[in-house]
Each structure stands twice: as structure tokens, then as C-alpha cells.
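This report covers aromatic contacts, salt bridges and surface patches, with notes on burial.

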Amino acid sequence: MNEMVLRESKDEEIREYAVNIQSASTTLLSLINDILDFSKIESGKMEIVRAPYELAAFLNDVVNMTSIKAKQKQLDFRVEIDSKLPSVLYGDEVRNRQIIVNILNNAVKYTRAGMVRFLVEGIREEHAFILKMQVKDSGIGIKEEDLKKLFEGFARLDLEQNRNIEGTGLGLAITHNLVEQMNGRMEVSSEYGKGSVFTVYLTQEVIDESPVGDFRLKFEAMAKQEKGYRESFVAPDAKVLAVDDNGMNLAVVKALLKNTGIQVTTCMSGRECLALAAKEQYDVILLDHMMPEMDGIETLARLKQSENQCKATPVIALTANAIVGAREEYLKAGFSDYLSKPIKGTELESMLLQYLPQEKVRIMQQENRDNSVNIQAETPKKQSVINERIGLEYCTGNKEFYEEVLELFCSSYEEQVAKIEGALEAEDWKNYTILVHALKSTSMNIGGVQLSKAAKELELAGKAIEESEHTDENKTFIKEHHKAVMDLYRITVREAKTMLDI
């Protein structure tokens, strides 16, 4: 609701109050999360869940989450990313993000003036790839006698200096524990009154050697974007059903999607959801997990089994159960994806952009990046397999960066096809699943929506084989559909080359 106040209020004083509410609630949420994480660590229940992830998206999230705070304090926030880093890695993306965001937030928090530098590079060893992430600041530094207490739980150092700094004193204790659980290494050096350097080394597997490219371009484009909210797309013909037993949550979903023009229908139980689905076809269903009588998982199962208009409709779980491994659990239950509560407007729009029918969506593209912003809405070409507007959206509207991503997509084609074909021939389902997962992500980055969705179907079948679920049926599915997906891959690359005039 506060986000809607920020979006819609024209009164500067009210907006200032809303900004303070946003800041305070974010701080409260982070404090509670720290306490929950620390209790998990102490009870031995903290899990490390490894999976393939895109390095550029990971870095983008990290920079997004910390650069705003640095800008508010007028700090010089420098980002230095080695352009030769591999584009897809295998590790625990959620915990990696938690580690580096904790360190970056501390750097911003304890630096009153000056700079914060974020450096990322890779170290190649004989049988391993090590992701090195370093944060350097010109902040208050740490006394030598305090360094040995740095990773103790609930430890607040130098209280005389830091009495006005918010926090539980758990951040670095959690970070240190996570690094150790992942067999990583953490180094700290500091000079009191002059600043600190935190360096983390995490061993990751390389899934895709294609380089991430010039991250600086993307960061600069992001920094130039206009302040304030603007809907990323409009879809007045799209129909979304939101199911939640909490009326306030439904009001939030409707409000967050108001500017997109989407036709939102709401209901407050699984039974109502099934009744509506029997009468009306929806493009996406947002389904709460924890509901009385019939929860989201049971509702989804009945939706798949009964006769209705929405058997093929993507169903996205809405849940406060945003723990590590939750996404995999929801996918296993049959959901297409999940969104954690409290729902963020930008994440909701981004999720719907992936699952709404392409022909119903018009991307709102910022053509100019100066103070005068010209918004154009265009319907994608129906004959094209690449939706340039969606690709540009993923590349923050930067045409130069988008072309660089297209080039990488084309140049890696031969190698990726050989890997995928090799894994299929060897019936190496683990690697096959990892490779088509990477294809799903990289094709979406260029706007290859059809290819991304097709690769996702292969990925889901591969995961089912790994989990010994309907193994023969899923092997048959992959073998029957593999060639068509590879043909679509070839067509998509050909179109990308045409766009690049190569």
C-alpha cells in the first residue's frame, strides 16, 4: 500500500513520509531475516542449495540493492566487473547474494563520505573456478583489537562511534558462517579511520563460458533511468486471476497492476478459483499457497485434474515461504514459478512479462534517457521469433548493450548445441537439464520468448527424470521435442544475425 502512495501521491510532504515508511519497513524486514537466519545456523538447519544461475542477473540484483543507498549518502559507488567472467555459474545464488549484499550494505552504512568500490573477478585453478568478490570503502574502519570479534553474533563494535547505526550485529556473523558452509574463504583488512577491505572467495562450477561482457554499460544505463515508477508494459486484453484468502493482499495486486491495464479478477478461496476457472480462461493465475480448507497446492492439483478453461494456464505461487529451495519445491508441485510476499511491483510485472501471451503485451520503451522521456508502446511483430522490445527491457533499454548480448548469443551457438546434443546422446540428464536451463535464460535475455518457453519444457522434463518421476515418459518427451527446440534455436540465431547484419 505504501508503494501505491509513492506511485500516486503528488504531495511532496506525503511522499517524504512514504519514503521513510519504506526505509523503516525494509530495515525491520532485514533485522527479522537476520535473526531467523542466525537461528537456522545455530540449529544446523541452514541449507546450501546449488543450481545454475546467470552471473549478469546476479550482479545486477546486487548493484540494484546497494547503489541506491550509496547514492542517497552521496558516496562514489564504483563497480568493476571483469568482462571475461563466465555468464552462467553453478552455486547457491541466493546465499551468494546474501553474502555480498551484507558486505556492501555494511560498507555503505559505515562510510560517511568518500567511496565504496565493488570488484568482481574470476580465478582459474586446475580443477576449479573461484569467484572473487571484493568490497573496499573509505569508511570509519575497524580497530585492530576489534578484528577478532568481527564475526561474533550480536556483536556491535565501537559503540561510541556507531551508536546511531541500525542493525542487530548479526550480518557479518551470518556472512562468515555462510562462506564457511560453502567451503569459501573470507579476508578482512582495515585501517581505523581510513577504511576497510572485505574479500570473499567462493568456488563455483562454470556452466557457460560465454563472457558476461561490459557490465559497466548496463550499470550506467540503469543509473540514468528516470526516478520513480513507470509501468514496464501494458496488456489491456490480458486476464489474470488472483487468489488469496487475505483481502488486503488482493487489493495490493490490483493496485500494483492498475497502470498495466490488465483485467484482474480476484477471489478468496481455492473453491472459488476452481469455479471461476471452469467458466473463464485466464492468461495467468496468481495463487496463494497458505489458505484454509484448500491450500494452493491442492487447488493447483484439482485445477490440473478437473475439466476447466485453465489447464494450460501458467500458475504462479504467492508465498511468504521465501526460503532457499522454495522455488524448486513449488516447481515440483506443478507451479510455473513463485513470487515471495510482500510482493514488489517491479517483480510482479517482470514475472507476468515472462508468462503472459506475447501478442497481448506491449512493452513501454523509454526511447530517450535525458530529462524528457518519450514513451512508445509497440506490439511485437507476430512473424518474428525475437521480441526486440522484451530483449531491450532485459538490457535496461540500452541498444548497444542489447546488441552485445545478441552477439554473445550468436557466437556461443555452435558450442552450446554441441554440448546439449552430447548430453542427450549420453543420456546425461543432469547436464542436459543444466544446459537447457541456461538456454531458457539466455534466449529470454534477447527476447527469444518462444525458444525460452520451449527450453523450459525440456528443463522440467529433465528435472523430473533426475527426481525419478515418470522417467520413461519424460525421456520420451525430450526425445520427441528436442529436435524441434534445436531447430527453433537455429532459427532464433539466424534472426539475431539478421538484426545485427552479420
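Tyr330, Phe335 and Tyr338 form a single aromatic cluster in this predicted model. Across the whole structure, a search finds 6 aromatic pairs. In one of these pairs, the ring centres of Phe409 and Tyr489 are 5.7 Å apart and the planes stand at 55 degrees, so the pair is tilted. The two residues are 80 residues apart and link distant parts of the chain, with Phe409 in helix H15 (residues 399–411) and Tyr489 in helix H19. Phe409 counts as buried because its relative accessibility is 4%. Tyr489 is likewise buried, at 2% relative accessibility.

Salt bridges come next. Side chains of opposite charge can pair when their charged atoms come close. The count comes to 22 salt bridges, including the three tabulated here.

| Salt bridge | Closest N to O distance |
|---|---|
| Glu209 and Arg124 | 2.9 Å |
| Arg185 and Glu187 | 3.2 Å |
| Glu307 and Lys311 | 3.6 Å |

The salt bridge of Glu209 with Arg124 links distant parts of the chain: Glu209 lies in strand S7 (residues 195–211) and Arg124 in strand S4 (residues 115–125), 85 residues apart. Glu209 is partly exposed, with 37% relative accessibility.

In the Arg185 and Glu187 bridge, Arg185 is partly exposed at 42% relative accessibility, and Glu187 is partly exposed with a relative accessible area of 35%.

For the bridge between Glu307 and Lys311, Glu307 counts as exposed because its relative accessibility is 69%, and the cut-off for exposed is over 50%. Lys311 is partly exposed, at 35% relative accessible area. Elsewhere, Glu427, Lys475 and Lys479 are joined into one network by salt bridges that share partners.

Asn308 sits in the loop between helix H11 (296–305) and strand S12 (315–319). Is Asn308 buried or exposed? Asn308 counts as buried, with 13% relative accessibility. The C-alpha atoms of Asn308 and Ala275 are 8.7 Å apart in space, while the two residues are 33 residues apart in sequence.

Two surface patches remain to be described. Glu47, Glu328, Glu329, Glu466 and Glu467 form a negative surface patch. Of these residues, Glu467 is located in the loop between helix H18 (449–466) and helix H19 (471–500), and Glu467 is partly exposed at 41% relative accessibility. A nonpolar surface patch of about 260 Å² is made by Val5, Ile14 and Tyr17. Val5 belongs to helix H1 (residues 2–8) and is partly exposed, its relative accessible area being 32%.

Definitions and conventions
Residues numbered from 1 in each chain as written. Predicted model: local features only at pLDDT ≥ 70, side-chain atom pairs only at ≥ 80, totals over all residues. Heavy atoms only, no water. Patch = residues over 30% accessible without salt bridge, like charges linked within 9 Å, V, L, I, M, F, W, Y side chains within 5 Å. Areas by Shrake-Rupley, 256 points an atom, 1.4 Å probe, with all protein chains shown as cover. Salt bridge = Lys/Arg side-chain N within 4 Å of Asp/Glu carboxyl O. Lys, Arg positive; Asp, Glu negative; His and termini not counted. Charge placed at Lys NZ, Arg CZ, Asp CG, Glu CD. Helix = DSSP H or I, 4+ residues; strand = E, 2+ residues; numbered from the N terminus. Buried < 20%, exposed > 50% of the residue type's maximum accessible area, 1.4 Å probe, protein only. Phe/Tyr/Trp six-rings, centres within 6.5 Å; stacked < 30°, edge-to-face > 60°.
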